[in-house]
Amino acid sequence: MSKQPQPPGPVTPRTPSPRHQRARMLDRVEERLRGLFDEEHRLWRTADARGAGLIESLAELVTAGGDRARPTVFLTGYLAAGGDPDATAAVDTAVALELLDTCTLIRADVRDNAALRRGIPTLHAGRAAEHEHSGWAGDSRRFGESTATLAGDLALAHADRLVARLPAEAWQIWDELRVQRAIGAYTHEAMAAEYLEDPWPGHCVSGCDRGCAAGWYALRHPLRLGAALAGRPDLDAPYDGYARPLHAAWRLRGFLDGGPEFAWDAQLLRELLLDPEEQDVTEQLIDELVRRARDIAATTPLADGWREELAAFAERVASPEG
């Protein structure tokens with residue numbers, strides 16, 4: 001007697017890959033950003049139409065795109081630490097990091113008198129043009145710069161609101177990040193004004209200093225913040241050890257390839273000091289720094305699949321296409 005076919009058993013859901021988990025959370029970050037500005041615009045459109053204009057200017061810049069570097073690194077640290085991918089607090093913290101970054105970019109654009117950001121006019125330039133076109137009273141440039149300053153304040157206020165209920169350990173890292181970014185930006189500007197700025201990022205290799213205005217805050221603090229929010233204080237030291245060589249590799253890559261942080265003086269220094277042999281030595285140093293970061297990732301107790309993802313992430317950050 002032939003056996004009757006058995007019905008198929010229950011299908012075990014496939015666990016999303018680390019990159020897929022992070023991508024889904026980044027999609028939620030985008031939704032949260034747009035929803036936040038939509039809600040604020042509806043509120044101020046009736047309460048104060050001019051105030052709604054400031055919301056529009058900020059929203060246009062934030063939603064124009066960008067690499068979302070700090071939210072990506074934060075979510076990497078959070079998910080690798082075993083954080084809940086459905087947690088609203090993690091999405092809100094990622095949004096807060098993007099708003100903090102936006103505040104910093106707005107103020108840097110004013111200091112540099114930049115014309116474009118993310119393919120659109122910088123906030124201060126756009127509002128100055130509006131002032132001049134409308135024939136309003138006062139100086140158009142000062143109006144644009146003061147509007148940009150207020151937009152930065154607004155971005156920072158929303159960021160602080162989003163992280164107000166973080167656990168104490170996570171909030172302390174957020175507070176440290178805010179303070180150190182401000183001090184770092186000032187130190188960078190002061191060194192440039194004093195003709196002390198050196199585009200060669202050798203100090204990143206020997207030991208990062210607190211006056212660095214780029215990169216260090218994009219890696220170390222968001223990773224540690226992710227671990228703290230996931231309830232993994234034991235990852236603070238490994239994440240710090242992973243971020244240091246990776247930051248140095250990223251800065252060296254930017255110097256070699258002429259990244260946005262490196263202006264004409266870096267190009268001149270490359271042409272004067274780096275012959276092909278020395279460039280090869282620098283490439284070898286980048287490889288060594290990435291290897292250090294990969295080794296730390298390989299021995300750190302992380303969620304399934306995330307050791308490999310942190311190793312691959314290090315390769316991507318320091319690659320020429322990075």
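## A walk from a helix pair to a salt-bridge network

H3 passes H13 in a left-handed crossing. Keep in mind as you go that this is a predicted model.

**Stop 1: the helix pair.** Select residues 69-80 for helix H3 and residues 306-317 for helix H13; their axes come within 10 Å and cross at roughly 155°. Angles over 145 degrees count as roughly antiparallel, and H3 and H13 are therefore roughly antiparallel to each other.

Now show side chains. On the H3 side, pick Thr72, Val73, Thr76, Leu79 and Ala80; on the H13 side, pick Trp306, Leu310 and Phe313, which they meet. Colour this contact by residue type and you'll get six nonpolar residues, two polar ones and no charged ones.

**Stop 2: Glu30 and Arg68.** Time for some charges: the structure holds 27 salt bridges. Start by selecting Glu30 and Arg68, whose side chains meet in one at 2.6 Å, N to O. This pair ties together distant parts of the chain, 38 residues apart: Glu30 sits in helix H1 (residues 18-47), while Arg68 is in the loop between helix H2 (49-62) and H3. Which partner is buried? That's Arg68, at 7% relative accessibility. Glu30, at 25%, counts as partly exposed.

**Stop 3: Glu40 and Arg161.** Stay on helix H1 and move to Glu40, then add Arg161 from helix H6 (residues 140-162); the two are 121 residues apart, so to speak a link between distant parts of the chain. Their side chains form a salt bridge of 3.8 Å, N to O. Turn on the surface here: Glu40 is buried, with a relative accessible area of 10%, whereas Arg161 counts as exposed at 59%.

**Stop 4: Asp240 and Arg244.** Next, select helix H10, residues 236-257, and find Asp240 and Arg244. How far apart are they along the helix? Being four residues apart, they are separated by about one helical turn. Their side chains meet in a salt bridge, 2.9 Å from N to O. Asp240 has 15% relative accessibility and counts as buried; Arg244 is partly exposed, with a relative accessible area of 34%.

**Last stop: the network.** Keep Asp240 and Arg244 selected and add Glu176, Arg220, Arg224 and Asp236. What links these residues? A network of salt bridges. Show them as sticks and trace the links from one side chain to the next.

Notes:
Residues numbered from 1 in each chain as written. Predicted model: local features only at pLDDT ≥ 70, side-chain atom pairs only at ≥ 80, totals over all residues. Heavy atoms only, no water. Axes fitted to C-alpha atoms, helices over the stretch in contact; angles between N-to-C directions. Parallel < 35°, antiparallel > 145°, perpendicular 65-115°, else oblique. Left-handed = near helix turned anticlockwise from the far one by under 90°. Contact = heavy atoms within 4.5 Å. Nonpolar A, V, L, I, M, F, W, Y, C, P; charged D, E, K, R; others polar. Salt bridge = Lys/Arg side-chain N within 4 Å of Asp/Glu carboxyl O. Buried < 20%, exposed > 50% of the residue type's maximum accessible area, 1.4 Å probe, protein only.
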